[in-house]
Amino acid sequence: MKLLSMPWFVIYTQPRNEKKVAERLQNIGITAYCPLVTQVRQWSDRKKKVQVPLINSYVFVNIEEKQREQVFEVSGVVRYLFWLGKPAIVKEAEIEALRESLKYTMLAVEVRGLQVGDSMQIPSGPFHGKEGLVKQIKKNSLQLVLKELGVLITLTKSETL
């Protein structure tokens, strides 16, 4: 007999509070997941690799429906994300796919012939295979709105230290 797993809900956090919120939720016994990616940040005197949230202001929580209000005990939580009038639910398989894909680094992607408004399938990395709508193209980056998730992501030209 297969046990039913609890659903993953999506909570919206205050800006730049994703990692803190996930840690605080885990401290009170709630399973939380904040997908992180490593980026190279430039300061005036050095470059440094830092871990930043993959999706700004979102944290996934694995909690029973009746326990949903517990997340508001944690500072930094704003609200749940809703879809069609109900709390958005992410399947366990999608969370696992996200975790698995974050084990690999994104390869450099050459962008040629794309224009704002075009559809593009992401060739590698955490969102491999997902389709996005091109919102903005710059010299070293590309902004896409992911059709399935409705979130804006920025793909940047990769740098090495």
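In this predicted model, Gly132 stands opposite Leu146, a residue of strand β12. The two strands involved here are β11 and β12 (residues 141–146), which pair in the antiparallel sense over five bridges. Strand β11 (residues 131–137) has another neighbour too: three bridges join it to β10 (residues 119–121), and that pairing is antiparallel as well. One spot to look for on this other side is Ser119, whose bridge partner in β11 is Leu133. A handy thing to keep in mind while tracing such pairings is that side chains in a regular strand alternate between the two faces of the sheet.

Zooming out, the protein has two helices and 13 strands. It counts 161 residues, and 35% of them are buried. Its accessible surface comes to about 11,100 Å², with carbon and sulfur atoms taking 51% of that. As for contacts with a separation of 6 or more, 51% of them are between residues 24 or more positions apart.

Next come the aromatic rings. A pair of aromatic rings is described by how far apart the centres are and by the angle of the planes. How many aromatic pairs turn up in a search of the whole structure? The search finds four. Take Tyr12 and Tyr58: the ring centres are 5.8 Å apart and the planes meet at 70°, and since an angle over 60 degrees counts as edge-to-face, that is what this pair is. The pair also links distant parts of the chain, with Tyr12 in strand β1 (residues 8–13) and Tyr58 in strand β5 (residues 58–62), 46 residues apart. Are the two rings' residues buried or exposed? Tyr58 has a relative accessible area of 17%, so it is buried, while Tyr12, at 27%, counts as partly exposed. Elsewhere, Phe9, Phe72 and Tyr80 form one aromatic cluster.

Tyr12 has a charged companion as well. The charged end of Arg79 sits over the Tyr12 ring, 4.8 Å from its centre. A similar arrangement shows up at Tyr33, where Arg99 lies over the face of the ring at 4.3 Å from the ring centre.

Then there are a couple of backbone oddities. Most residues other than glycine have a negative phi. Arg16 is not a glycine, yet its phi is positive, about 60°. Where does Arg16 sit? Its place is in the loop between β1 and α1 (18–27). With 77% relative accessibility, Arg16 is well past the 50% cut-off and therefore counts as exposed. Leu84 does the same trick, with a positive phi of about 55° even though it is not a glycine. This one is found in the loop between β7 (82–83) and β8 (86–87). Leu84 has a relative accessible area of 75%, so it is exposed too.

Back in the loop between β1 and α1, Asn17 is also found. Unlike exposed Arg16, Asn17 is buried, because its relative accessible area is 14% and the limit for buried is under 20%. A polar atom of the Asn17 side chain lies 2.9 Å from the backbone oxygen of Pro15. Leaving aside residues up to four places away in sequence, Asn17 touches Arg24 and Gly76.

Methods: Residues numbered from 1 in each chain as written. Predicted model: local features only at pLDDT ≥ 70, side-chain atom pairs only at ≥ 80, totals over all residues. Heavy atoms only, no water. Phe/Tyr/Trp six-rings, centres within 6.5 Å; stacked < 30°, edge-to-face > 60°. Helix = DSSP H or I, 4+ residues; strand = E, 2+ residues; numbered from the N terminus. Buried < 20%, exposed > 50% of the residue type's maximum accessible area, 1.4 Å probe, protein only. Lys NZ or Arg CZ within 6 Å of the ring centre and 35° of its normal. Contact = heavy atoms within 4.5 Å. Areas by Shrake-Rupley, 256 points an atom, 1.4 Å probe, with all protein chains shown as cover. Pairing = 2+ DSSP bridges. Polar contact = N/O pair within 3.5 Å; in protein donor to acceptor, adjacent residues only side chain to side chain.
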